[in-house]
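Visitor: I would like to learn how to read the features of a model like this one, beginning with its surface. Could you take me through them in turn?

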Amino acid sequence: MLLTILILDVALVAWSLHLMQEAFHYREFSLMLAGILVATSAAAMMVVYFLMGTCMSHLTQMSQHSYIYF
């Protein structure tokens, strides 16, 4: 699962860089904004993935030691 998300993130960052390069070439603000939004979404996806990984490991530990919590 991590490999899939990493590949998707690399693709999003590459697309973002391509959009920003085209924006610089054509002097288009909208392409620059689109590139920034794509890069932000790639970063947000990685943050959510790591937050969910931490949450899932915590829940797994709780289920293994359920007698402590009850």
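Guide: Let us begin with a nonpolar patch on the surface, which in this predicted model is formed by V48, M52, M56 and L59, with about 380 Å² of accessible area together.

Visitor: Where does L59 lie, and is L59 buried, exposed or partly exposed?

Guide: L59 lies in helix α2, which covers residues 29-64, and L59 counts as partly exposed because its relative accessibility is 44%, whereas exposed would require over 50%.

Visitor: How is a pair of aromatic rings described, and how many such pairs does the structure hold?

Guide: A pair of aromatic rings is described by the distance of the centres and the angle of the planes. The structure holds one aromatic pair, made by Y49 and F50, with 5.7 Å from centre to centre and 70° between the planes. The pair is edge-to-face, because that term applies to planes over 60 degrees apart. As to accessibility, Y49 is partly exposed, with a relative accessible area of 25%, and F50 also counts as partly exposed, at 49%.

Visitor: Which sign of phi do most residues other than glycine have, and what is the phi of R27?

Guide: Most residues other than glycine have a negative phi. R27, although it is not a glycine, has a positive phi of about 55°. R27 is found in the loop between α1 and α2, and R27 is exposed, with a relative accessible area of 69%. R27 also lies over the face of F24, at 5.4 Å from the ring centre.

Visitor: What separates the C-alpha atoms of L17 and I36?

Guide: The C-alpha atoms of these two residues, L17 and I36, are separated by 8.8 Å, and the residues are 19 apart along the chain. L17 is found in helix α1, residues 2-26, and at 54% relative accessibility L17 counts as exposed.

Visitor: Turning to the whole chain, how many helices and strands are there, and what is the radius of gyration of the protein chain?

Guide: The protein chain has three helices and zero strands, following the pattern α-α-α when read along the sequence. Its radius of gyration is 19 Å, whereas a compact globule of 70 residues would have one near 11 Å. Taken along the principal axes, the C-alpha atoms fill a box of roughly 65 × 20 × 10 Å. Of the 70 residues, 14% count as buried, and the protein chain exposes about 5,700 Å², with carbon and sulfur atoms supplying 76% of that area.

Terms used:
Residues numbered from 1 in each chain as written. Predicted model: local features only at pLDDT ≥ 70, side-chain atom pairs only at ≥ 80, totals over all residues. Heavy atoms only, no water. Phe/Tyr/Trp six-rings, centres within 6.5 Å; stacked < 30°, edge-to-face > 60°. Buried < 20%, exposed > 50% of the residue type's maximum accessible area, 1.4 Å probe, protein only. Lys NZ or Arg CZ within 6 Å of the ring centre and 35° of its normal. Patch = residues over 30% accessible without salt bridge, like charges linked within 9 Å, V, L, I, M, F, W, Y side chains within 5 Å. Areas by Shrake-Rupley, 256 points an atom, 1.4 Å probe, with all protein chains shown as cover. Salt bridge = Lys/Arg side-chain N within 4 Å of Asp/Glu carboxyl O. Helix = DSSP H or I, 4+ residues; strand = E, 2+ residues; numbered from the N terminus. Rg over C-alpha atoms; globule rule 2.2 N^0.38 Å.
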